[in-house]
Amino acid sequence: MPRDDRSRITGRPEGAPALARVRAVYHAQSARTRLLAGVGAVTLVAAGAWIAGTPVLSAVAVTVAVIAVFAALMRSSDAVATTLIGIAWLILAYTLFQIPLSVADFSVLLFLPLVPLLVALAASRIPDFPVWHTTLLALLVGLIVGLAVALAGMLTGSAPPALGITCCALAAAAALGWRSAAGYRLRRSLQEIGAPPPGRSGYSGRPAAAPGGPGTGRRATEGAARPRPAAAAETDDTPPIPVHEALAGLEDMIGLDPVKQQVRAIAASIEAARLRADAGYSVDKPLRHLVFSGPPGTGKTSVARTLATIFHSFGLLPTPRVVEAQRADLVGEYLGATAIKTNELVDRALGGVLFIDEAYSLVNEGDGQPDRFGNEAVQTLLKRAEDDRDRLVVILAGYESEMDRFLASNPGLASRFATRVTFPSYTADELLRIAESLFEQRGDILAPDARPALRRRLDQTVQRGVIDDLGNGRFVRSLVEKGAEARDVRVVTTGEAGRPPGAEDLITIRPDDIATAYDGLTARLPGFGETPDVDEALAELDALIGLEPVKRHVRSIVAQLQVAKLREEQGLRNQPPMRHFVFSGPPGTGKTSVARILGRVFAALGLLNRAEVVEAQRSDLVGEHLGATAIKTGKLVDRALGGVLFVDEAYALANPGYSGGDAFGAEAIQTLLKRAEDDRSRLVIVLAGYPAEMERFLSSNAGLSSRFNVRVGFPSYTPDQLTEIAEAVAERTGDAFDPTAREDLTRIFGYVCEAGWIDELGNGRFARSLFEKACSYRDLRVAEELGEAATAAELTVVTSDDVRQAYSEVTQR
C-alpha cells in the first residue's frame, strides 16, 4: 500500500492536518465512486469546452492530468513525483516526436501515453529504489533512444512511422530490466553481510491513515530477513490510530512536560526520516531502544504504551503491544535456563515493545559476588536487542541513580540504549490536578473546604521530600480511594437510625475523609505517625531554666513560621520561611536542646519530615584530602535531610592558623553553603559556637552571612539558675541536696560566676558534672560507713562534704 503524508510533526498536535482530512474523505469513497467522479468531471469539462468553442481535446487532456495529480496526491508524495514526471515526459515526447513525423503520421503519437503508464507500473515492482527515480531513468533512456531512431529514419526516409515510438518503449523496458538486476545484486550483497534488505524508503514509513482509510495495511516482506517466531508473526488486526491522536493522548497526561518534549522529538525524527525516504534518500529504520529513568508512579508505563502506539502508527512496528516484565520474567532457576527464558520473553514481544521495569535489578551484586544469572539475562537481551532491532523496541526503566549504575556496569548497555527519557517527580499542583481528575472519574465531588485540606497535605508531602517514597501518582490514586472509603464509613456509621443518607452525602468528600486517608497512608513513614505539636514543643522550651532572651527569640521565630503558613493556606503572597540559624554563646547554655525544640516546631508545622537532630563537628565534615571533604560533607547532609543539622564549634571550619589558608575547611563551607541552598525546603542547619569566634567565622565568607542571617544569642547562666539546674537534675534521678549542701552550691556558683570561670567550666554542664561527682562521693561514703544498713534517705541525700569534694575535683582547685 502506498504511504501518505498524514502526520507532519511540527509541535504539539492540535488536530488532523487539512491534507489528512481530505485524504480520509477521498479514501472513504469506493474505487468505483472515485472512477465515476473522474469520468463525470472529464465529461463536464469536455461539454463546457465544446459549448465555449475551445479545443475539446486540450481541455480533456488538461483535466485528465489534473485528476491524475490529485489522485497521486491522495496516495503519497512518491506518487505525486512519479505522476508529474510522467506528464512532463509525455509533453516533451509529444513535442519532440512531431519533428521526424509527417502530419499524416501523427496518429502514432496516440500510443505515447501508454509508455509512462506502463513504465511507472513496472517501476513500482522494483522495491529497492524509489518509484519516481526508476520511472525518470527509464523514460529518459527511452526518449533518447526512440528520438534518435526516429530522426535516423527521417534522414533515410525508409523507416516506418511507429519505429521511433517502438524503440522508445523497448529502450525503457531495457532500462527497467537493468534497474531490476541492480536491485537484485544490492539485496544479495546486503544479505551476505547480514544487513537487512533495503526498502524503497528504508522502512515502511507510513503514518497511520484515519480509521477506514487505506493506510492501515502493512508490507509483510519489509523488515529483517530472518523468519519470525509464530508468536511474533501475528499482527494486531486493530487499525493504527493517527499519530496526532497518539500524541494528543500524551498531551492529556498531567505534568511530565520534559517527557512530552522528548517524545515529540522522537516522533519528529521519525517523520523527518519518512520525508527523506520519500525524497529518494536511503535511511535506516528509525527504531531505537530507550531508558526511562525516574521515581515510581510518574507514568513510565503509560508513556511506553504511547510510544508503542506512535511506532505502530508510523508503520515501524506491526502491533502497538507492550509486554511488561521484571527480573523474575528473565532470570531462570539455573545457568542456561536464563538465556532460554529471556529469549522466550523477547520472542513474545517481537513486533511490539518490551518494557522491563526495575531493570537495574538484573545486576545485583549486593552480596559482593557477581550476579551470574542477571549477567546472562543482560547478555542475551543485548544480543536480541541488536539482532531484532528492526522489529522490536526495548525500554529499560527504573530509578535514576540505580539506572546510572546499571548502564555503567556494561558498555553494551550504554551504547545500545543511548536514548534516555527522564521522568520528574510530580509537583504539588500536578498531584492536586491528578487527584481532582480521579475524583471526577469516580463521580465524587470535593466539599468546598476539602480541596484546601487536600492541597495542604500534598504540599506537606512534597516539601518533606517523601513523594517519591510514597509513589507519586500511585500515592494520589491510593489517597483518592482511601478518601472515598473513609467517606463511606463516615456516612454509614454516623447516619441517623432509620434515615438513609442523602444523595449528596454519598458522593461528597470532606476534609476529615482526606485527613483519615492521608494519615493512614503516611503513618509508616518516619516523622509522620508521631508528628509533634507546636504547643508541646513550646512547653518544652518554657521548661528550660533561664534563657529568657532565647525563649523570646524562638517564640518570635515560631510566630513568623505560623503566620507564613496561614498566609500560604489563604493564598497570600509569602516570603520563604527562614531555615538556617546561628546559635552563639558559651558552652553548656542549651544550644543543642533549643535546636531539638526548633526541629520539633518545624516538623509540627510540616516544614520538616522529622524532628531529628544530627550533631556534627569539623571532623565530621573534613576529609583526609582535597575532594574527599566535599564527599564527606555531602554524605553528612544527606543523613540530616528532612531534619536538623547541628554543627557545633562551626568556626573551626575557618582556621586562620593554617599557612596558606584552610583549604579543607573552605571546601566543607562551600559544600555546606550549596546544600543549604539546594535543599532549603527539607533541611534546617544550625551553626553554633562562641560569640566572638562565630562573628569572625561569619565574616570570613559572604555566603555564610547572607544564608545564616538569623542569630540567636545564648547568655551565661546566673548562680541561681545554676543552682536550679543542679536541683532539677537531682530531682530527675530521685536524689536531693540537704540544706547545707544547697547553701554550698549557691556559694560555689556565685563564686565561679563572679570570678568569670563559669563559661570556661561549661555553665549547665558544670552544674550537672558537680552533681554527678557529688553523688559518686556520697556513694563511696555510704558504702564505707554504713554498708547495707543505709536507709533510703542516706542513699539519696547529698551532703555539704560531698559537694565540696566534688567541686575540688571538677575545678582542680
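How many disulfides does a search of the whole structure find? Here are some notes to help you find your way around this predicted model.

1. Disulfides. The search of the whole structure finds 0 disulfides. As an example, C167 takes part in none, and the nearest cysteine sulfur, belonging to C168, lies 8.9 Å away. A disulfide needs two sulfur atoms within 2.5 Å, so C167 does not qualify.

2. Two cysteines to look at. C167 counts as buried because its relative accessibility is 18%, and the cut-off is under 20%. C775 is also buried, with a relative accessible area of 9%.

3. The largest nonpolar core. This core holds 55 residues, and the members that touch the most others are F292, V303, F311 and F475. V303 is a good place to begin: leaving aside residues up to four places away in sequence, V303 touches L250, M253, L256, V259, V263, F292 and F423. There is also a second, separate core of 54 residues, with V613, V710, A730 and Y807 among its members. In soluble globular proteins, nonpolar side chains tend to be buried together.

4. A helix pair worth a visit. Helix α31 spans residues 739-755 and helix α33 spans residues 764-785; their axes come within 12 Å and cross at roughly 145°. The crossing of α31 past α33 is right-handed.

5. What meets at that crossing. From α31 come L745, I748, F749 and V752, which meet F766, A767 and L770 of α33. By type, the residues of this contact are 7 nonpolar, no polar and no charged.

How values were computed. Residues numbered from 1 in each chain as written. Predicted model: local features only at pLDDT ≥ 70, side-chain atom pairs only at ≥ 80, totals over all residues. Heavy atoms only, no water. Axes fitted to C-alpha atoms, helices over the stretch in contact; angles between N-to-C directions. Helix = DSSP H or I, 4+ residues; strand = E, 2+ residues; numbered from the N terminus. Left-handed = near helix turned anticlockwise from the far one by under 90°. Contact = heavy atoms within 4.5 Å. Nonpolar A, V, L, I, M, F, W, Y, C, P; charged D, E, K, R; others polar. Core = buried A, V, L, I, M, F, W, Y, C linked by side-chain atoms within 4.5 Å. Buried < 20%, exposed > 50% of the residue type's maximum accessible area, 1.4 Å probe, protein only.
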